[in-house]
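Subject: Structure handover

Dear colleague,

Here is the structure for you to look at. My notes on it follow below.

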Amino acid sequence: MDNTVADQGASRVEAAQTEDGAPHDLHGNSPAAWTAVAIVLIAFTIGAIAMVLGPNWVLFWISVGIAVLGALAGKVLQLLGFGVPTDGHH
């Protein structure tokens with residue numbers, strides 16, 4: 001068992017490099033990702049408020065719908081070209 005945790009981490013870093021050796025900075029930092037995260041965060045906040053207020057099940061299920069719409073919005077924006085490029089070029 002020569003493979004230490006540090007070696008595994010180093011191999012992951014090497015795997016996350018482009019052909020020219022530059023490290024990938026592709027951690028979802030895109031308009032599509034930020035839009036999805038913002039909408040889902042708002043939805044979870046509304047859902048939490050709904051649970052504190054009773055619970056208010058109608059408001060809770062509305063927040064679930066908003067969260068689903070946020071995920072779909074992120075995917076649609078990614079397909080429209082606002083996501084992180086998948087070819088390794090920035």
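A helix here is a DSSP run of H or I that is at least four residues long, and helices are numbered from the N terminus. Please keep in mind that this is a predicted model.

Aromatic pairs

By that definition, helix 3 covers residues 57-82. Trp57 and Phe60 sit in helix 3, 3 residues apart, so about one helical turn separates them. The structure holds 2 aromatic pairs. Trp57 and Phe60 form an edge-to-face pair. Their ring centres are 5.6 Å apart, and the planes meet at 85°.

How accessible are these two residues? Trp57 has a relative accessibility of 47%. Phe60 has 22%. Buried would require under 20% and exposed over 50%, so both values fall in the partly exposed range.

Phe60 also pairs with Trp61. This pair is edge-to-face too, with 5.1 Å from centre to centre and 80° between the planes. Trp61 has a relative accessible area of 55%. The cut-off for exposed is over 50%, so Trp61 counts as exposed. Ring pairs thus join Trp57, Phe60 and Trp61 into a cluster.

Helix 2 and the loop

What does Met51 touch beyond its neighbours within four places in sequence? The answer is Trp57 and Phe60. Both of these belong to the aromatic cluster. Met51 itself lies in helix 2, which covers residues 31-52. Its relative accessibility is 34%, so Met51 is partly exposed.

Pro55 is placed in the loop between helix 2 and helix 3. Is the peptide bond from Gly54 to Pro55 cis or trans? It is cis, with omega near 10°. Please take a look at that bond when you open the model.

Annotated spans

The UniProt entry is unreviewed. Under "transmembrane region" it lists residues 32-53 and 58-80. In the model, residues 32-53 are 95% helix and 0% strand. The end C-alpha atoms of that span lie 32 Å apart. Residues 58-80 are 100% helix and 0% strand. For this span, the end C-alpha atoms are 33 Å apart.

In brief, look at two places. One is the ring cluster of Trp57, Phe60 and Trp61, where Met51 contacts Trp57 and Phe60. The other is the cis peptide bond from Gly54 to Pro55.

Best wishes

How values were computed: Residues are numbered from 1 along each chain as its sequence is written. This is a predicted model: local features need pLDDT of at least 70, side-chain atom pairs count only at pLDDT 80 or more; totals for chains, interfaces and linings use all residues. Side-chain values use heavy atoms; hydrogens and water are left out. Rings of Phe, Tyr and Trp (its six-membered ring) pair if their centres lie within 6.5 Å; planes under 30 degrees apart count as stacked, over 60 as edge-to-face and the rest as tilted. Helices (H or I, at least four residues) and strands (E, at least two) are DSSP runs, numbered from the N terminus. Buried means under 20% relative accessible area, exposed over 50%, partly exposed in between (1.4 Å probe, protein chains only). UniProt positions are given in the numbering used here, feature names are shortened, and annotations may be inferred rather than shown by experiment. Contact means heavy atoms within 4.5 Å.
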